[in-house]
Amino acid sequence: MAEETGGGNVVDQYAKDGSVDLKGNPVLRSRTGGWTACSFVVVYEVFERMAYYGISSNLVIYLTKRLHQGTVEAANNVTNWVGTVFLTPVIGAYIADAFLGRFWTFLIGSAIYLSGMCLLTLAVSISPLKPAACKENCEPASTLQLAVFFGGLYIIALGNGGTKPNISTIGADQFDEFDPKEKMHKFSFFNWWMFSIFLGTLFAQTFLVYIQDNVGWTVGYAIPALGLMTSILIFLAGTPYYRHKAPQGSSFTRMTKVIVAAIRKWNLSVPNDPKELHEFDLEVYAKKGKFRIDSTNSLRFLNKAALKDGRSTPWTLCPVTQVEETKQILQLLPLLVAMFIPCTMIAQINTLFVKQGTTMNRHVGPYFQIPPASLGAFVTISMLVCVVLYDRCFVKVMRTWTKDPRGITLLKRMGIGLVLQIITMLTASLVERRRLSIARSHGLDKTVGEVPVTILLLLPQFVLMGLADAFLVVGKIEFFYDQAPESMKSLGTSYSLTATGIGNFLSSFLLKLVANITSSRGKGWILNNLNASHLDYYYAFLTLLSVLNFIYFLFVSKVYSYKSELCESMDVKAAKEVAVDDQKVAMAEM
């Protein structure tokens, strides 16, 4: 019989989701995980996002002013790099799930990331590595200068492959799925994790952009490098409190085994009784802190992988849970595709939106001016306000109406974000039309000059994009994490990042395609002189793509079935406890 203490059964005091410490020993819930451990992750994210956006927010300006690249080339270089930053996490997720675990993969990625930041700082600081400043008839950057600068950028991208898919997953892992209260706290984690991202981003888009524009690029890049070093030290300080999940083996290999086993038995019929399919006893999964998943009829062909035909190798016979995990990942693919176009819209913030600002009057009053890259701060501010109101007000109100612990479903949250994005791009097109009419009335389409209109004219499209991101970006991250199988959470998180990566590459492709097609027909939409361009047409084209993508999203979300909740009674109990807590808070405030 298990010994008991004042706190109840000793076994019940341990995390029930298979969490362990770095040595592989079970961990006590009271001493690890929860918001205590998450606080280190959240603070890490503030400093790391400050470092990342300290580089990316003003990157298009550096490429055009210091490396002397044209509008299309600079914008494409930014989106290609950002795309790589968000695609490498697929590799990091694979390594974490299959070999090293999330903690060690994260640390290795952080070391690579920091080395890239240091190299980039040297590239903008040492004379032989940086081009001389000039305004007219500038010589292009040398091969060495380009190699060192872009080498630093892509080393950063490689390091992000180890950090991005694992940091949010490490944070979410601090909450035990088997504990009702901790499971409810996880619902708020992604909102507050994104809140920390916004804080770091806001600092970068205001203070760091000002430093880079008015003090110099050396200091402006050294501060992000120091910020990244600080973030890594903060993360390491929380090591004693973290809960860890042991590597479960390669997700891709497990899924491939299911597909191969099903194909090998293509001519066999799936029985109507799922009990005839191969599956392990419940105790096998309980010992590993995993859920056993019942067989479903979705993607029914894959059920053949669990058919018993006398062969019992891993490539001919798979348990039902492994089959269902494969289905869950494959069923996310149509929704992953639906995120490509929205991520293309987001890519415009630090490229064309910022380039618009460089053509306008930056002065706000006699003494203050807004750097174009700082306009991104309005995206962050609107996201900050919206996320707080969403978590503290909207969810509580909607929870009493819908009985959903999240207030509304994740797909509905993402859908609202898509609608707001459509409004954003339409607004951007109309604003650009107004800017162009002013520029051409002053003859600035024939000469390069500042358009006599305040840069605040661009404010609506930045604020609206922030509102859209508060619904779409947070919902996207939480959706792919939540709907991924328990043993493939890093892969699920990498789905969200992959969408961002492909969206940036798609932005580069569309920008270059449209620029080439329209230039060949006489009047280019995207020229080095934006006053002679037609960005309003390009934004209208992106609006049309967003509308078509929204229709596709409605279709795939309608046919999508959420991952079955195996702890339904736990959800109901937790929701009631949260409601009681809310009532207590309300009474205390009266």
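Here are some worked exercises on the predicted model shown above.

**Exercise 1: A short strand and its partner**

Work out which residues of strand 4 lie on its covered face and which strand it pairs with.

*Solution.*
Step 1. Start with the range: strand 4 covers residues 451-454.
Step 2. Recall the general pattern: in a regular strand, side chains alternate between the two faces of the sheet.
Step 3. Sort the residues by face. V451 and V453 make up the covered face, while P452 and T454 sit on the uncovered one.
Step 4. Look for the partner. Strand 3, residues 360-361, is joined to strand 4 by two bridges, and the two strands run parallel.
Step 5. Pin down the register: V451 in strand 4 has M360 opposite.

**Exercise 2: The geometry of helix 5**

How far does helix 5 reach, and where does it bend?

*Solution.*
Step 1. Helix 5 spans residues 143-172, which is 30 residues.
Step 2. From first C-alpha to last, helix 5 reaches 44 Å, close to the 44 Å expected at 1.5 Å a residue.
Step 3. Now check the axis: helix 5 bends by about 40° at N160.
Step 4. Finally, consider its surroundings. Helix 5 is mostly covered, with 22 of its 30 residues buried.

**Exercise 3: The largest pocket**

Describe the volume and the lining of the largest pocket.

*Solution.*
Step 1. The largest pocket holds about 1,200 Å³ of space.
Step 2. Its lining counts 34 residues, and those closest to the centre are T64, K65, K135, K355 and T358.
Step 3. Turn to the helices. Helix 2 (59-65) and helix 6 (180-214) each supply at least two lining residues, and helix 6 gives the most, with four.
Step 4. Sort the lining by class: 15 residues are polar, 11 are nonpolar and eight are charged.

**Exercise 4: The largest cavity**

How many cavities of 30 Å³ or more does the structure hold, and what lines the largest cavity?

*Solution.*
Step 1. There are five cavities of 30 Å³ or more.
Step 2. The largest cavity contains about 730 Å³ of space.
Step 3. Its lining is made of 40 residues, with R49, Y53, F86, I346 and T500 nearest the centre.
Step 4. Helix 1 (residues 34-56) provides the largest share of this lining, seven residues.
Step 5. By class, the lining of the largest cavity has 20 nonpolar, 14 polar and six charged residues.

**Exercise 5: Two leucines**

Decide whether L228 and L299 are buried, partly exposed or exposed.

*Solution.*
Step 1. Place L228 first: this residue is in helix 7 (residues 217-237).
Step 2. The cut-off for buried is under 20% relative accessible area. L228 has 1% relative accessibility, so L228 counts as buried.
Step 3. Now place L299, in the loop between helix 9 (282-287) and helix 10 (320-331).
Step 4. Partly exposed runs between that cut-off and the one for exposed, over 50%. L299 has 40% relative accessibility and therefore counts as partly exposed.
Step 5. As an extra on distances, L228 and N267 are 39 residues apart in sequence and 56 Å apart in space, C-alpha to C-alpha.

**Exercise 6: Positive phi values**

What is the phi of H68 and of L299, and where do these residues lie?

*Solution.*
Step 1. H68, not a glycine, has a positive phi of about 60°.
Step 2. H68 is in the loop between helix 2 and helix 3 (71-87).
Step 3. L299, also a residue other than glycine, has a positive phi near 45°.
Step 4. The loop that holds L299 lies between helix 9 and helix 10.

How values were computed. Residues are numbered from 1 along each chain as its sequence is written. This is a predicted model: local features need pLDDT of at least 70, side-chain atom pairs count only at pLDDT 80 or more; totals for chains, interfaces and linings use all residues. Side-chain values use heavy atoms; hydrogens and water are left out. Buried means under 20% relative accessible area, exposed over 50%, partly exposed in between (1.4 Å probe, protein chains only). Two strands pair if DSSP finds at least two bridges between them. The expected span of a helix is 1.5 Å times one less than its number of residues. The bend at a residue is the angle between axes fitted to the seven residues ending there and the seven starting there. On a 1 Å grid over the protein atoms alone, a cavity is a set of points where a 1.4 Å probe fits but cannot get out, and a pocket is an open set with protein on both sides within 12 Å along at least five of seven lines; lining residues have an atom within 4 Å of a point. Grid points are joined across faces, edges and corners, and a volume is the space filled by probe spheres set on the points. Ala, Val, Leu, Ile, Met, Phe, Trp, Tyr, Cys and Pro count as nonpolar, Asp, Glu, Lys and Arg as charged, and the others, Gly among them, as polar.
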